[in-house]
Amino acid sequence: MSIADALSALSAVKGLGRIPHGAQVLASIANLKCLVTLAIKLETAPDASNEALKCVANTLLLNEPARTTLLSQDIDGGNICIELLQKSATPENTFLSSRILFLCTASPHQSASFIQSIVETKRTHFPGNGTIIDVIALKLDDLIASMQAGIKMSRDAMTDLLKLTFNILVHYPKLVPSESQYPALAGSPDDQKVMGDFWNSRLDGILPSLVRAFQTVPLSSPNPLTSPLTHIIHSLITIPVDSSSRAIWFGTLPHSRPTTPQLNSSEPTTSSLTGASHDDQSTPKEHIERAISSEIPAGRRSFHQSPLPDSPSTADCASRAYELLDMTLAHFLPGDIDSDDPAVRDLCKIDGDTSLDEIVCPLVLLITRLCLGDNDAKTRIRQWLVPEDLDRTHPLEKRADLLGRCLRLLASVYHSRLKDSMGEMLYAMCDSNATTLAGYFGYGNVAGFLFHKGVVSAPPASATSGAPPITASGLPINPITGTVEHPSENIDMTDEEKEHEAEKLFVLFDRLEKTGALPPSQNPYRKAFQEGKMG
């Protein structure tokens, strides 16, 4: 059979495999083995080889048991796809191999032994005998360059490669003895381990490439939080922030206040190989939700890998994350619009059937972890949000900037997850101290969040809280509003005017008492008469 005939035949098989009944036929051991073998033998004809891989990917998408079949010893399709990923020369090759591996590792119950094997097994054909972590790191760097050059399918390839990365980073620490990032969780059973609670040093090598991708992938406009950046953030959330990895996370040169960068338009996203959305099974929503509800300080872990020599030492994830949050909220909450305005929800639906919770929460969680894991990052982020020279003459929650948007989200009804996440972020950047939080933002703005933390009244002022009691110009700050406190004005009234106002109040309280709206014991005039304070 000629290459052209093979391509035509595989295209026909791919079409049949797009329906469940066709995928069920292709899911047999014999058929999957045949397709994988063709993908290898036709490597010299990339179009035909890719058609065979598309048939496999479609089958795995529509027939979940086929994923276990592909990983069986009869086929060993998982390791074959890793070899294809390692040798991939184009974004389409990378995309197809990554898609198959992502689907195969989606369930830790079905792929536990495979995930553990690929993380721990050194690949003899890879330079330095690296593991899957090294293969992924190399491909991420390749795809960064491809995306910057606008090469077709590079964005899709990175997206699916990052989905595979996320699966490994989430599942592997649960499968093997791993270091707890929080002492209280040291004895947690595997089924109770939350993403980010545990870490294994075998995964350390992925951080430098993820950070480079986070810093350099072209941003979309007007909403920068689109794939693959969202998937980079998902993966970064799983990695501890500590002193040993500080140079990777935040660079080594002095930092300056971030400025909003010029957005780079992205190349059009290519269509799915199956005709369906790439995100059918890609959103790690459950993991993110569990992490948001269980956010804890990251522990200390030694990272043995370092950035490549040519990577910028000024790369600062704190600055990048702050910029992204500023740009994203400026897009979805323009001006001083209320966060619960229907226009906000309509704007979210333009980018897909999603919500502000799903779009922004992972980034807010990442900033929270940066604040909890590094004191310098925490201080810098707080200074960017509430600088010493902040104009406090107007209500903070009415401001048309990032600070105002964050505070308005604390009172949101429709975006409950983002409201809670935003509160945790502000709390973390204020040393996880209720007094400091109220001092910077005003107790009135954070009262609801603190109530859920068990703080039911305004925390007492403290000289050690770090929050400024006065503005940079020396004016006192109102502890309730967080704005400049103005002295009350004396009301100039004659004795007759005062008596007239008192009579009106007496009539009002008497009417409230007679209607039953005010108990007699709560009537201030009756109490004053009984105590002899009124002659």
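Here are some worked exercises on a predicted model of a protein chain.

**Exercise 1. Get your bearings: how many helices and strands are there in the protein chain, and what share of its residues counts as buried?**

Solution.
- Start with the secondary structure: the chain has 24 helices and two strands.
- Next, burial. The chain has 535 residues, and 51% of them count as buried.
- Now look at the contacts with a separation of 6 or more: 73% of these are between residues 24 or more positions apart.
- Finish with the outside. The accessible surface is about 24900 Å², and carbon and sulfur atoms supply 53% of that.

**Exercise 2. Work out whether helix α6 is largely enclosed or not, then zoom in on G78.**

Solution.
- Helix α6 covers residues 77-87. Going through its eleven residues, you'll find eight buried, so the rest of the structure largely encloses this helix.
- The buried set is G77, G78, I80, C81, I82, L84, L85 and Q86.
- Pick G78, which sits in α6. The cut-off for buried is under 20% relative accessible area, and G78 comes in at 2%, so buried is the right call.
- What does G78 touch? Leaving out residues up to four places away in sequence, G78 contacts L70, L71, L101 and F114.
- For a distance check, try S111: G78 and S111 are 33 residues apart in sequence, with their C-alpha atoms 10.0 Å apart.

**Exercise 3. Find which parts of the chain are tied together by the salt bridge between R246 and D376.**

Solution.
- The full count is 18 salt bridges. In this one, the side chains of R246 and D376 come to 2.8 Å, N to O.
- R246 belongs to helix α13 (residues 246-250) and D376 to helix α18 (residues 375-385), so the bridge ties together parts 130 residues apart in sequence.
- Check both ends for exposure. R246 has 25% relative accessibility and is partly exposed; D376, at 34%, is partly exposed as well.
- Don't stop at the pair: R246, D316, D374, D376 and R380 are linked in a salt-bridge network.

**Exercise 4. D431 pairs with K378 and with R382. Trace each link, and decide whether K378, R382 and D431 are buried or partly exposed.**

Solution.
- Take K378 to begin with: its side chain meets that of D431 in a salt bridge at 2.8 Å, N to O. K378 is in helix α18 and D431 in the loop between α20 (416-429) and α21 (434-441), so to speak distant parts of the chain, 53 residues apart.
- Then R382, whose salt bridge with D431 has an N to O distance of 3.7 Å. R382 is also placed in helix α18, and the loop holding D431 is 49 residues away.
- Now apply the cut-off of under 20% for buried. K378 has 11% relative accessibility and counts as buried. R382 is buried too, with a relative accessible area of 11%.
- D431, at 37%, counts as partly exposed.

**Exercise 5. Which residues make the negative patch and which the nonpolar patch, and where does helix α23 come in?**

Solution.
- The negative surface patch gathers D492, D495, E496, E497, E499 and E503.
- E503 lies in helix α23, residues 495-514. Its relative accessibility is 45%, so E503 is partly exposed.
- The nonpolar patch, about 230 Å², is made by L505, L508 and L512.
- L512 is in helix α23, and at 32% relative accessibility L512 is partly exposed.
- A rule of thumb helps here: an α-helix has 3.6 residues a turn, so residues three or four places apart point the same way.

Key: Residues are numbered from 1 along each chain as its sequence is written. This is a predicted model: local features need pLDDT of at least 70, side-chain atom pairs count only at pLDDT 80 or more; totals for chains, interfaces and linings use all residues. Side-chain values use heavy atoms; hydrogens and water are left out. Patches are made of residues with over 30% relative accessible area and no salt bridge: like charges are joined within 9 Å, nonpolar side chains (Val, Leu, Ile, Met, Phe, Trp, Tyr) within 5 Å. Accessible areas come from the Shrake-Rupley method with a 1.4 Å probe; for residues, only the protein chains shown count as cover. A salt bridge is a side-chain nitrogen of Lys or Arg within 4 Å of a carboxyl oxygen of Asp or Glu. Lys and Arg count as positive and Asp and Glu as negative; His and the chain ends are not counted. The place of a charge is taken as NZ of Lys, CZ of Arg, CG of Asp or CD of Glu. Helices (H or I, at least four residues) and strands (E, at least two) are DSSP runs, numbered from the N terminus. Buried means under 20% relative accessible area, exposed over 50%, partly exposed in between (1.4 Å probe, protein chains only). Contact means heavy atoms within 4.5 Å.
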